[in-house]
Amino acid sequence: MHKYEKIWISLGTASLAIFLIILGISAVHGGHTPAASGIETIHPEHIREDARFSEPGLKKATEGDYDYDLYFIASAFMYEPGEVEIPAGSTVKIHVTSPDVVHGFQVVGTNINMMAEPGLISTYEMTFDDPGEHLIVCNEYCGVGHTDMTSTLKVVDGGTDHD
Amino acid sequence: MTNYTGSEIFSSKTRVNPKDGKLVLANMFWVAFALLIGGTAGLLQTLVRSGHFELPFGIGYYQLLTLHGVILALVMTFFFIMGFQIAALSRTAGVFNNKERTLGWIGFWVMTVGTLMSAAMIAMNEASVLYTFYAPLQAHVLHYIGLTLVIVGTWVSVAGQLMRYFRWRKENKGHKTPLLSYMTAINNVMWIVCTIGVATTVIFQFIPWSLGWVETINITLSRTLFWYFGHPLVYFWLLPAYMIWYAVIPKVLGTKGFSDNLARVSFVLFLFFSIPVGIHHQLVDPGIDAFWKGLQVVLTFMVIIPSLMTAFSMFAVFETYGRKQGAKGLLDWFKKLPWTDARFVLVFIGMLFFIPGGLGGIINASGQMNQVVHNTIWIVGHFHITVGAPVILTYFAAMLFLLPHITGRKIDKIANRLGLFLAYTWALGMGIMSLAMHWAGLRGAPRRSTYSEYGGAEVATEWITYQVMQAVGGSFLFIAIIIAILMFLKLITGPKADDIEEFPVAMFMDQDAPVVKWVENWRLLIIITIFLILIAYTVPITQMFTEEIPGAKGFKLW
Amino acid sequence: MAEEQDRKKEEEKHDEDDHHKLDLRGTFMMVMAIGGLMLLSWFAVFILFMERM
């Protein structure tokens, strides 16, 4: 091997290792594991009989170290709820599932981007600090009305007991 | 003599056997045809998304998108790869025997029948499920059977190719196999191992389910089996381009390749690490534990290393050549490169695209960072500057010498000039389109979506500006495709030449160095490949059975 | 026989093609530039990721 080749391969591999170490630290210590990881099942035909999804939307958390649970049903071709308000500064655990085909739950301008699949619940925890409005789209093809699937997530000022 | 073992491998006089040539040519006709159809679909898609065009005759956007994906990502690439690999084997290992060639023809016809079946289902709007055909969207059973036949056809053709390679080995025990032949064998073995995944899901899940024999389908499993195939698929496209970069381009320059051994080792690394990484396409899927996602991210990063090696050896060849031509400074060897030879220019522009293409790939595979770009149009930008530029431009360069080589002609001035126009037009169109896609993607624009204002959302207005840019790029690309078709026609018509165009095969600087022994120890290679697959997939796939994920019924929502 | 002669010629050339003697300063610069771009682009998106957290 040429001297320069050795240097290049070593430095290149070292950079990749650094990337992996940063990702690892962010995942383990920052709690940033990839969205929707883990296996939580639900029967796709009985979603609405499930207490959590019977009335999708924002609910005060009863357990865990976060403030709210936010339940979303992604179906062809709509999101329920069609609009949701979140108090700024609160930590929310989002749960999404589908009664029909695969959808892609994406809150534009945030890191919330995960697949919604029938039979499984996708979850992601996130703190909303800055007030503002986010468009929610479906980013996995689900049929002819795919781009009609939208919702709005509004982060609004005040009214939070958590800082 | 049926096996090439010495200088004839590198001789400019050695030709692909005419009987093998016919088979190669048959495959290449499909490439040109698929390119035209798929390219037209692509143009129309960018026009629709610009908001200034509506599809006529009741054609659906997603129907068109399905056609675009299937005909380009699967059909065009498969026919090219089969054709090129057969040519490479016939050129460097020696003529196929009847049995091997017959397998090539059977494979060709099986692929043809499969393609026509799927195409008919797509045309009838019975299969608008995109090329990834994610369940539980349910297409007509004939679509799945058609796709299966396409894969089975490649198996038959690959069997003939592998038999050719192993016959050379058997008849020349102890010798190092011709590099190009060795590389086709690596690509083919990888292909057999990875297509087992997609064949399993289609035969045991999709077909019984779409026939109504079973009511539901395990979609987590089907997605995982698809991507077990779907990532090596991209290396199946890429490795023939690497074959040309390593073993053909140095000869085009009139110089030697950098290192035969390094090329072989990098191909072995592709065999090992291109398969146990499919879950990096499912980083934000439910149903898979974070640990296994992380493990496959690490394995994915391993597959970057052979591409780092490739980058070095490409520049090394160019620099060494330029210095032999008298270049003295740090970078003036660039000026010495053959900028008027379309074979070189097509490939070189492809290589340039592969730099941002590869870097984007590292970002995509970076675990949680995938959430920034997942299913946004950034991803579409990414694969258009990987498969849609380096790979396809290298395929064009290969056709530039292969078509006249086989039909007994020579690249004339006009064909060469068309090739240069093709390269520059493609670079312009793809540059504009992919840049717009990358930027829009970072701003959240979703992929796989028709034109939409998303209820007048502000951010969507911004996306549409980028979509207009994509249509501009797409239009240039369509012009480039027309140039490509004209080039193909020019190459196979006109007067025959006495001095037939060569299929360039380069010697390497370390041609006589002893070969690294283990790179042709197939038993060892396959054991390691399977071992890595078992590590990466055993637990996640087992969990898909044991965690009792409810099955999903089929839907036809288009 | 032609084959053997070719081989001999190759062996003579082998020396001059020895990798260690190649002047690859330009190659080194190009790959370092690629490495730099790799770090730059990766960290740019990583920062975007952290900002959107």
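Two strands pair here if DSSP finds at least two bridges between them. Keep that in mind for the opening stops of this tour, and remember throughout that you are looking at a predicted model.

**Stop 1: strand 2 of chain A**

Select residues 68-75 of chain A, which form strand 2. Seven of the eight residues in this strand are buried, so you may want to hide its surroundings for a moment.

Now bring up strand 5, residues 90-97 of chain A. Strands 2 and 5 of chain A run parallel and are joined by six bridges. To find one contact point, pick A:Ile73 and look across to strand 5 of chain A, where A:Thr97 is its bridge partner.

Next, add residues 57-60 of chain A, which make up strand 1. Here the pairing with strand 2 of chain A is antiparallel, over four bridges. Label A:Leu58 and A:Leu70 together: A:Leu70 belongs to strand 2 of chain A, and A:Leu58 stands opposite.

Finally, show residues 78-80 of chain A, strand 3. Strand 3 of chain A pairs with strand 2 of chain A in the antiparallel sense, with three bridges between them. What do strand 2 and strand 3 of chain A form together? They form a hairpin, and two residues lie between the strands. Within the hairpin, look for A:Ala74 opposite A:Tyr79, the latter in strand 3 of chain A.

**Stop 2: the two domains of chain A**

Zoom out and colour chain A by domain, using 1-33 for domain 1 and 44-156 for domain 2, as the domain assignment gives them. Draw a line between the C-alpha centres of these two domains of chain A and you will cover 34 Å.

**Stop 3: where chain B meets chain A**

Turn on chain B alongside chain A. The contact between them draws 55 residues from chain B and 51 residues from chain A. On the chain B side, the elements giving two or more residues are helix 6, helix 9, helix 10, helix 12 (370-373) and helix 16 (458-492) of chain B. Colour that side of chain B by residue class and you should find 30 nonpolar, 18 polar and seven charged residues.

**Stop 4: helix 8 of chain B**

Select residues 260-273 of chain B, the 14 residues of helix 8. From first C-alpha to last, helix 8 of chain B reaches 20 Å, close to the 20 Å expected at 1.5 Å a residue. Is helix 8 of chain B mostly covered or mostly open? Mostly covered: 11 of its 14 residues are buried. Among them are B:Phe267, B:Phe270, B:Phe272 and B:Phe273, as well as B:Asp260 and B:Arg264.

To see what surrounds these buried residues, add helix 5 (179-210), helix 6 (219-247), helix 9 (290-302), helix 10 (304-324) and helix 17 (522-546) of chain B, against which they pack.

**Stop 5: B:Tyr424**

Jump to helix 15 of chain B, residues 413-442, and pick out B:Tyr424. This residue counts as partly exposed because 16 other C-beta atoms lie within 10 Å. For a long view, measure from B:Tyr424 to B:Gly197: they are 227 residues apart in sequence, and their C-alpha atoms are 38 Å apart in space.

**Stop 6: chain C**

End with chain C, whose secondary structure consists of two helices and zero strands. Of its 53 residues, 21% count as buried. Select the part of chain C that meets chain A: 15 residues of chain C are in contact with 12 residues of chain A. That side of chain C comprises 10 nonpolar residues, four polar and one charged.

Note on methods: Residues are numbered from 1 along each chain as its sequence is written. Chains are lettered from A and ligands numbered from 1 in the order in which they are written. This is a predicted model: local features need pLDDT of at least 70, side-chain atom pairs count only at pLDDT 80 or more; totals for chains, interfaces and linings use all residues. A residue is buried if 20 or more other C-beta atoms lie within 10 Å of its own, exposed if 12 or fewer, and partly exposed in between; C-beta atoms are placed from the backbone. Two residues are in contact if their C-beta atoms, placed from the backbone, lie within 7 Å. Ala, Val, Leu, Ile, Met, Phe, Trp, Tyr, Cys and Pro count as nonpolar, Asp, Glu, Lys and Arg as charged, and the others, Gly among them, as polar. Domain bounds come from an automatic or database domain assignment. The expected span of a helix is 1.5 Å times one less than its number of residues.
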